[in-house]
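Trainee: I'd like to go through this model and see how each label gets earned. Can we take it one term at a time?

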Amino acid sequence: MANEHLEKLYHVLDDSTTILNQQLKTSFIAAITEAGEDLASGEVIQEDGLPNDEAKKKLTALFDQIKLATYEPEEIRQALQLVLVKAIKVDGIEPNKQITPDAMASLATFMVTIFIQQQPDQLRVADLAVGTGNLLFAVMNQLHKAWHVEVKGFGVDNDEALLAVAGMSSSLQHLDVDLFHQDALDNLLFKDADVVVSDLPVGYYPVDERAKKFATATKKGHSYAHHLLIEQSMNVLKPGGLGLFYVPSQVFRSKEAEDLTKWLAKAMYFQGLLNLPDDFFADKKAEKSLLILQKPSPDVKRAKQVLLGQFPDLNDRDAFAAFIAKVKDWAAANIVL
């Protein structure tokens, strides 16, 4: 780790989480939430004598090493992300709930700068499968840095433990985020987002009665959750808003894709589908692509030619620079009004 400042925060979070995990006999991810909240408050909270006095003394000494005001939001997010990667292994977290790599946030942010041609005074960014908030918060931080605008976030998840981490993380980063613990396919309490970005969970949605209200639902049996979440995400966008979804690379080749394809052709602007580099994924079946959709509006244009292709190896700077130049040329020819 090249950044010693960041490394120091990571080690304090990792060590304090390990102590709390052992003391409280809880999951590692719950211990992360506790450690972050104690660090933010500047006080180690004891309940029923736990953590014990000796552990409390160790935790206080650890937290005293850190001055949060000296850290940028991105440094805090990155340090937390490293501890969360450990939590995935320790707790055996299922693949659908694992951390989205930072490179995927950077690619999404780049696409926002390409497709949103008139920079607003405030951006409203949402994620309907927010998990621990890593993808949403990375995009929020990057857009704030790129455009120097206020960024308001909205996150939805039905996993209380992951959402608790997101709440702690957004608080440490001083981000303006509203988080909702609910089924993302139920009625939502926000709308008119400028951007929705999501690394979508893949699988079947079990509540058939609720799924029926969506055009992307199948006629028989369970519908795909990621199809329904795409439609629901586009519902919360304002006209002209941008939807960026990490989906299985075979998303349009499954037998269930017919309803999704019909809905896209009728209701949305299908602007692009870009495959992620092969080396992102150990298992070929897990490969993902970035699906780019836009909500129709007089202020945006359906692409004359859909943006298709593959992101280059991110370590190949020349190839990546050439890719960015090609996307900008494509935008000028296809979507600029």
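Mentor: What follows is a talk through salt bridges, burial and empty space in this predicted model.

Trainee: Let's start with charges. What makes lysine 238 and aspartate 194 a salt bridge?

Mentor: Their closest N and O atoms are 2.6 Å apart. The cut-off is a Lys or Arg side-chain nitrogen within 4 Å of an Asp or Glu carboxyl oxygen, so the pair qualifies. It links distant parts of the chain, with lysine 238 in strand S7 and aspartate 194 in strand S4 (residues 193–199), 44 residues apart.

Trainee: Is each partner buried, exposed or partly exposed?

Mentor: Aspartate 194 has a relative accessible area of 6%, and buried means under 20%, so that label fits. Lysine 238 is at 31%. Partly exposed runs between 20% and 50%, so that is the class for lysine 238.

Trainee: And why is the contact of glutamate 54 with lysine 58 called a salt bridge?

Mentor: The closest N and O atoms are 3.9 Å apart, and the limit is within 4 Å, so the pair counts. Both residues sit in helix H3 (residues 53–63), four residues apart, which puts about one helical turn between them.

Trainee: What makes glutamate 54 exposed but lysine 58 partly exposed?

Mentor: Glutamate 54 has 56% relative accessibility, and exposed means over 50%, so glutamate 54 gets that label. Lysine 58, with 47%, is partly exposed.

Trainee: Which parts does the pair of lysine 86 and aspartate 14 tie together?

Mentor: First the label: these two side chains meet at 3.1 Å, N to O, in a salt bridge. Lysine 86 belongs to helix H4 and aspartate 14 to helix H1 (residues 4–24), so the bridge ties together parts that are 72 residues apart in sequence. Aspartate 14 is buried, at 10%, while lysine 86 is partly exposed, at 29%.

Trainee: How many salt bridges does the rule give for the model?

Mentor: The count comes to 13.

Trainee: Now for a charged residue without a partner. How do you know that glutamate 231 has no salt bridge?

Mentor: The nearest side chain of opposite charge is lysine 213, and it is 9.3 Å away. A salt bridge needs N and O within 4 Å, so glutamate 231 doesn't make one with lysine 213. Glutamate 231 is buried all the same.

Trainee: What surrounds glutamate 231, then, and where does it sit?

Mentor: It lies in helix H9 (residues 225–235). Leaving out residues up to four places away in sequence, glutamate 231 touches Phe214, Ala215, Thr216 and Trp263.

Trainee: What makes you say that H9 is mostly covered?

Mentor: Ten of its eleven residues are buried. Among them are His226, Leu229, Glu231 and Met234.

Trainee: On to empty space. How do you know there is a cavity here, and how many are there?

Mentor: Rolling a probe the size of a water molecule over the atoms shows where empty space is left. The count takes cavities of 30 Å³ or more and comes to one. The largest cavity holds about 30 Å³ of space.

Trainee: Which residues line the largest cavity, and which helix gives the most?

Mentor: The lining is Arg77, Leu80, Gln81, Leu84, Thr132, Asn134 and Ser169. Helix H4 (residues 73–91) gives the most, with four residues. By class, the lining splits into two nonpolar, four polar and one charged. Arg counts as charged, so Arg77 is a charged residue in that lining.

Trainee: And what about the second largest pocket: what is its volume, and what lines it?

Mentor: Its volume is about 330 Å³. The lining has 15 residues, and Ile116, Gln118, Gly240, Asp299 and Val300 lie nearest the centre. Strand S7 (residues 237–248) gives the most to this lining, with four residues. The classes come out as six nonpolar, six polar and three charged.

Trainee: Last one: why is glutamine 98 called partly exposed?

Mentor: Its relative accessibility is 36%, which falls between the 20% and 50% cut-offs, so partly exposed is the right label. Glutamine 98 is in the loop between H4 and helix H5 (102–115). Apart from neighbours within four places in sequence, glutamine 98 is in contact with Ile88 and Ile93.

Terms used. Residues are numbered from 1 along each chain as its sequence is written. This is a predicted model: local features need pLDDT of at least 70, side-chain atom pairs count only at pLDDT 80 or more; totals for chains, interfaces and linings use all residues. Side-chain values use heavy atoms; hydrogens and water are left out. Helices (H or I, at least four residues) and strands (E, at least two) are DSSP runs, numbered from the N terminus. Buried means under 20% relative accessible area, exposed over 50%, partly exposed in between (1.4 Å probe, protein chains only). Lys and Arg count as positive and Asp and Glu as negative; His and the chain ends are not counted. Contact means heavy atoms within 4.5 Å. On a 1 Å grid over the protein atoms alone, a cavity is a set of points where a 1.4 Å probe fits but cannot get out, and a pocket is an open set with protein on both sides within 12 Å along at least five of seven lines; lining residues have an atom within 4 Å of a point. Grid points are joined across faces, edges and corners, and a volume is the space filled by probe spheres set on the points.
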